[in-house]
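Got the viewer open? Let's take a walk through this one, stop by stop.

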Amino acid sequence: MANLREAQKQMTRRLLLQSGLEMFRTKGYAATTVDDIATAAGTTRVTFYAYFSSRSELMKALIDEQLNEVLRRGSSPEQGSTGQDLGATVADGTPEAIAAWLRRTADSWPAIRPIIRIGRDAAVVDPNLTGLVERWMEEAISEIEDGLTTAGRFEPHQRRFRGVLAMAELDYVAQNWDRSDWKLTRDQMLDELTTSWARLLT
């Protein structure tokens, strides 16, 4: 019985997260209320507050949990969360390993994009969310730096900045791929990204 109750609680929480994401996407973060989210989830504001103290907390959970789940990132005491294979991919440094990681990541872009976009929009109107997405990006940059350190590649002062360049490039392409006409097929885009990352990181 306890297990069933716990499963129901997890299901309600997930439903609130999904409803929040959908409401933020359709109405915008600023225009979405707690009541909107609760109604969309088929529940009440009382139930909402049993799981989240505010819209901000729900938005943080979307970044901390759903985004990390999509990208198969785990919790890390050093960095908040960690992509278990990003640092290893960078340390490996072969074009094949980089291409495989980028391809897996690109497969997740349809799920990643709305969370990142909403997180950035929310940070503009909600001071509690300032830097939320950027902190998450910093974790990925740290993983690249760790991979370069493990491989002994580049001078120490170069490693973090090369991670910044690589993630800035990836983030821009990921956020704009679905609404830009760059005259490239998906495979060609991934080939170009792989070439650029290999040049930056090896």
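## A loop to start in

Start by selecting Lys183, which counts as exposed because its relative accessibility is 65%, over the 50% mark. Lys183 sits in the loop between helix 9 and helix 10. Its phi is positive, near 60 degrees, and Lys183 is a residue other than glycine. That is worth a look, because most residues other than glycine have a negative phi. Keep in mind as you click around that this is a predicted model.

Now jump to Phe154 for another case. Phe154 is not a glycine, yet its phi is positive too, at about 70 degrees. You'll find Phe154 in the loop between helix 8 (132-151) and helix 9. Is Phe154 buried, exposed or partly exposed? At 21% relative accessibility, Phe154 counts as partly exposed, since buried means under 20%.

## Along helix 9 to a surface patch

Select helix 9, residues 156-176, and pick out Tyr172 in it. Tyr172 counts as exposed, with 52% relative accessibility. Add Trp182 and Leu184 to the selection: together with Tyr172 they make a nonpolar surface patch of about 300 Å².

## Into helix 10

Next up is helix 10, residues 186-201, where Thr194 has its place. Thr194 is buried, with a relative accessible area of 10%. Which residues does Thr194 touch, leaving out those up to four places away in sequence? Show Pro95, Ile98, Ala99 and Leu102, and you have them.

While you're here, try drawing a distance from Leu201 to Glu69. The two are 132 residues apart in sequence, and their C-alpha atoms are 26 Å apart in space. Glu69 belongs to helix 4, and at 48% relative accessibility Glu69 counts as partly exposed.

## Back to helix 1

Swing over to helix 1, which covers residues 2-27. Its 26 residues reach 37 Å from the first C-alpha to the last, close to the 38 Å expected. Colour the buried residues of helix 1: Leu16, Leu17, Ser19, Gly20, Leu21, Met23 and Phe24. What do these buried residues pack against? Turn on helix 2 (34-40), helix 3 (45-51), helix 4 (55-70) and helix 7 (109-125) to see their partners.

Step past the end of helix 1 and you land on Gly28, with a positive phi near 95 degrees.

## Rings to look for

Now switch on the aromatic side chains. How many aromatic pairs does the structure hold? There are 6 aromatic pairs in the structure. Take Phe24 and Tyr29 as one of them: their ring centres are 4.9 Å apart and their planes meet at 50 degrees, so this pair is tilted. Both Phe24 and Tyr29 are buried.

For a contrasting view, go to Phe48 and Tyr49. This aromatic pair is edge-to-face, with 5.4 Å centre to centre and 90 degrees between the planes. Check the surroundings of each partner: Phe48 is buried, with a relative accessible area of 0%, whereas Tyr49 counts as partly exposed at 39% relative accessibility.

Before you leave, add Phe52 to the selection. Ring pairs link Phe48, Tyr49 and Phe52 into a cluster, and that is the last stop on the tour.

Technical notes:
Residues numbered from 1 in each chain as written. Predicted model: local features only at pLDDT ≥ 70, side-chain atom pairs only at ≥ 80, totals over all residues. Heavy atoms only, no water. Helix = DSSP H or I, 4+ residues; strand = E, 2+ residues; numbered from the N terminus. Expected span 1.5 Å × (residues − 1). Buried < 20%, exposed > 50% of the residue type's maximum accessible area, 1.4 Å probe, protein only. Contact = heavy atoms within 4.5 Å. Patch = residues over 30% accessible without salt bridge, like charges linked within 9 Å, V, L, I, M, F, W, Y side chains within 5 Å. Areas by Shrake-Rupley, 256 points an atom, 1.4 Å probe, with all protein chains shown as cover. Salt bridge = Lys/Arg side-chain N within 4 Å of Asp/Glu carboxyl O. Phe/Tyr/Trp six-rings, centres within 6.5 Å; stacked < 30°, edge-to-face > 60°.
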